Structures are given as structure tokens and as C-alpha cells.
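Student: Please take one part of this model and go through it closely. I would like one connected account.

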Amino acid sequence: MSSSKPITIIGGGLAGLTLGIGLRQQGVSVVVWEAAGYPRHRVCGEFISGNGQAALERFGLRALFDEAGAVPARTVTFFCGPHRSPVRRLPAPALCLSRHSMDALLAREFRRLGGDLRENARCRPAPSGEGVVLAAGRRAGTRENGRRWFGLKVHAANVCLSADLEMHVSPASYVGVNRIDHGETNVCGLFAARRRDAAPDPKFEWLRGTPGSALRERLGEARFDGRSFCSVAGLSLEPQRAVQRQECCIGDALTMIPPVTGNGMSMAFESAEIAVGPLAAYSRGEAGWTQARKSIANGCDACFARRLAWARLLQWLLFSPLLRGPCGPLLLNSDALWSWMFSRTR
């Protein structure tokens with residue numbers, strides 16, 4: 001089936017490639033522009049938890065993830081200074097796969113379906129143009145209380161964990177450590193740095209944790225894969241509403257949920273699924289561009305607004321003195337608080 005109007009997607013990450021796959025399944029002509037190439041490593045928790053797994057099923061992609069070696073994560077625990085939570089079972093297993101494997105398999109599937117993927121190339125169309133979808137990563141952030149957020153990621157071997165996912169919280173950072181494919185462990189952190197903060201040497205020291213911490217103990221004998229190390233700076237964790245944007249945006253190009261929720265990858269797949277129907281209707285001439293763009297924006301806002309609000313509260317709680325003070329053990333051991341925050345950020 002041919003389409004009268006093509007779609008251009010700027011950004012070949014999770015959201016952009018998945019949207020491209022969904023549109024090709026509808027017979028829509030699609031070009032995806034990606035400034036980098038495949039395969040590549042990206043700063044990412046590599047942890048799919050929530051509705052994103054169901055979206056992958058509906059796209060027919062879940063089997064590809066399993067074939068690529070995705071592993072389930074069933075348990076989680078939090079560490080904060082001397083305090084730690086019990087090891088808890090996730091309500092449903094998460095899916096863990098490296099971005100190196102994930103982006104490559106999505107790119108192959110998009111091309112197999114006849115999509116035009118242009119790697120190592122910058123897109124010429126204006127992001128706000130008709131038929132153009134912006135899926136090109138995160139929005140740049142400004143300083144918050146004199147600090148800027150940045151993220152780091154590296155893969156490691158020889159890491160011993162007490163749960164499939166461990167979250168280690170310090171006064172100005174948190175680091176997630178989770179098992180992924182090929183027997184490796186993903187170590188990914190979010191950090192708040194002031195201008196005067198000096199970068200440690202070697203580069204992995206940000207991710208190792210402070211001496212004497214549980215994180216440092218976990219990674220004491222770790223062997224880091226330097227090829228997988230990557231970073232991203234200037235992250236914005238301010239919730240954004242899609243209806244306030246002139247561009248048609250999905251994924252992190254629209255808004256970024258605090259990484260501690262483990263829901264960012266899920267939101268990429270969900271936003272792509274929301275966009276497929278309106279864009280296919282536009283391509284067939286059944287809807288105008290403004291109508292399609294507004295439909296996608298309203299769908300994303302309805303789907304994500306509540307979890308973004310709760311995620312912002314959780315982000316504040318992690319860096320507040322409450323978690324490191326006398327209330328810390330009470331909060332970390334509260335099954336009710338855990339269940340409440342987990343369900344509200346999904």
C-alpha cells in the first residue's frame with residue numbers, strides 16, 4: 001500500500017525507530033535521520049518497566065528483544081548512605097537489554113520493512129515543518145540551584161548484586177546497577193554537578209560511589225568495558241507538556257522522566273505507539289497536519305502527565321534530607337510507599 005504523504009523522523013533512537021517501524025507496518029513512506037550510526041552505546045538504564053513492554057508486543061517486537069538476549073529483572077532494592085530497603089519483587093518483570101543491541105535490532109527491523117534510515121546525517125527539514133516528527137533525544141536543561149544534571153553509563157563484568165536492580169542514592173547523585181544481556185551489568189548514574197566540581201580521574205570514578213559505600217563495595221572488583229562508556233550533559237528534568245510545543249515531538253525530545261523511575265524507555269515506546277495512528281491518517285489524507293499533531297500531543301499529555309508529576313516528587317524525595325536522616329529507614333522499609341510511588345510512575 002502506498003501513501004500520498006511521507007513522514008520524516010528526526011532522530012533514530014528508541015522512539016524514532018519504533019515510530020518508523022509502526023508507520024511502515026501501516027504502509028507509510030518514512031525517512032529517519034540519525035546524526036550518529038549503529039550500533040552505539042547510549043546513556044540509558046537499559047531497563048524496560050511498565051506499559052512499554054505491552055507496546056512492544058503490539059508492534060510485534062518483543063520476540064526480537066528475546067532473540068537478542070534480553071533478560072528479566074524481577075527484584076529491586078534501594079541504598080541510601082547506611083540505610084537500605086528490603087529486596088522487593090517488581091509487580092511484573094522488567095526487560096533488560098543493552099542499547100547497543102536494542103538500537104541495532106530496531107534499525108534492522110525498520111530497514112527490513114522498507115524504511116529509509118540515513119545514518120551519520122543531519123536532517124535538512126525544519127523540525128516544525130509539516131510531516132516532520134522530532135525524536136532527537138533530550139531537551140537541553142538549565143542550571144537548578146547552581147547545578148546541572150549529567151548522566152554517565154558503562155558496562156561492567158564481575159559485579160555481585162543482591163537484586164536484579166540496585167539503586168544507590170547519595171546527596172548529589174543516584175546510580176542504577178542492573179543485569180543485562182551477555183552476562184554484563186549496566187552501571188548508569190545521574191549526577192548534579194556545580195561549576196567548581198572537578199571531574200575525577202579515571203572517568204569511571206563518578207560511577208564507583210564514595211569510599212565505604214555499598215556501591216563501591218559492589219563495584220570493587222568490577223571490570224569496566226571502556227568501549228561502552230558514554231555521557232550526556234545538560235539534562236532537563238522539568239516536565240514538559242506536548243500541547244505547548246510547536247513541533248510534533250515524541251520520546252525524550254518531548255520530555256524526560258527522572259531516570260530513577262526506570263520508565264524512560266517505556267515512555268519512548270508508548271509515545272511512538274500514540275503517534276502511529278494520527279500520522280498514518282495524515283499520510284493517507286484523512287487528517288490535516290495540525291489535527292494529527294494536536295492528536296499526538298493530547299495523547300502524550302493524557303498518558304504521561306500524572307506519572308511525570310509523581311516522578312518529580314520522587315526525584316525531590318531522593319535528594320531531600322528526609323531519606324538520609326532518622327526517617328530514612330522508615331521510608332525505605334515502607335511497602336506502602338514503595339507500591340504507591342512505583343504504581344504512580346508507570
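Tutor: Start with the loop between β2 (30-33) and α2 (52-59), where P39 is found. This is a predicted model, and in it the peptide bond from Y38 to P39 is cis, with omega near -10 degrees.

The strand that comes before this loop, β2, belongs to a right-handed β-α-β unit, together with β1 and helix α1 (residues 14-25). Within that unit, β1 and β2 run parallel and are joined by four bridges. One residue to look at is T8, whose bridge partner in β2 is V31.

Strand β1 covers residues 7-10. I7 and I9 point one way from the strand, T8 and I10 point the other way, and all are buried. Strand β1 also pairs with strand β7 (residues 132-134): the two run parallel, with three bridges between them. T8 appears here again, with V132 as its bridge partner in β7. T8 therefore has a bridge partner in β2, V31, and another in β7, V132, and its side is shared with I10.

Two other loops hold backbone details of another kind. N158, in the loop between β8 (147-157) and β9 (165-170), has a positive phi of about 65 degrees although it is not a glycine. N158 is partly exposed, with a relative accessible area of 45%. H182 lies in the loop between β10 (173-179) and β11 (185-194). Its phi is near 60 degrees, again a positive value in a residue other than glycine. H182 has a relative accessible area of 66%, so it counts as exposed, the cut-off being over 50%.

Note on methods. Residues numbered from 1 in each chain as written. Predicted model: local features only at pLDDT ≥ 70, side-chain atom pairs only at ≥ 80, totals over all residues. Heavy atoms only, no water. Buried < 20%, exposed > 50% of the residue type's maximum accessible area, 1.4 Å probe, protein only. Pairing = 2+ DSSP bridges. Right-handed = clockwise from strand over helix to strand, strands pointing away.
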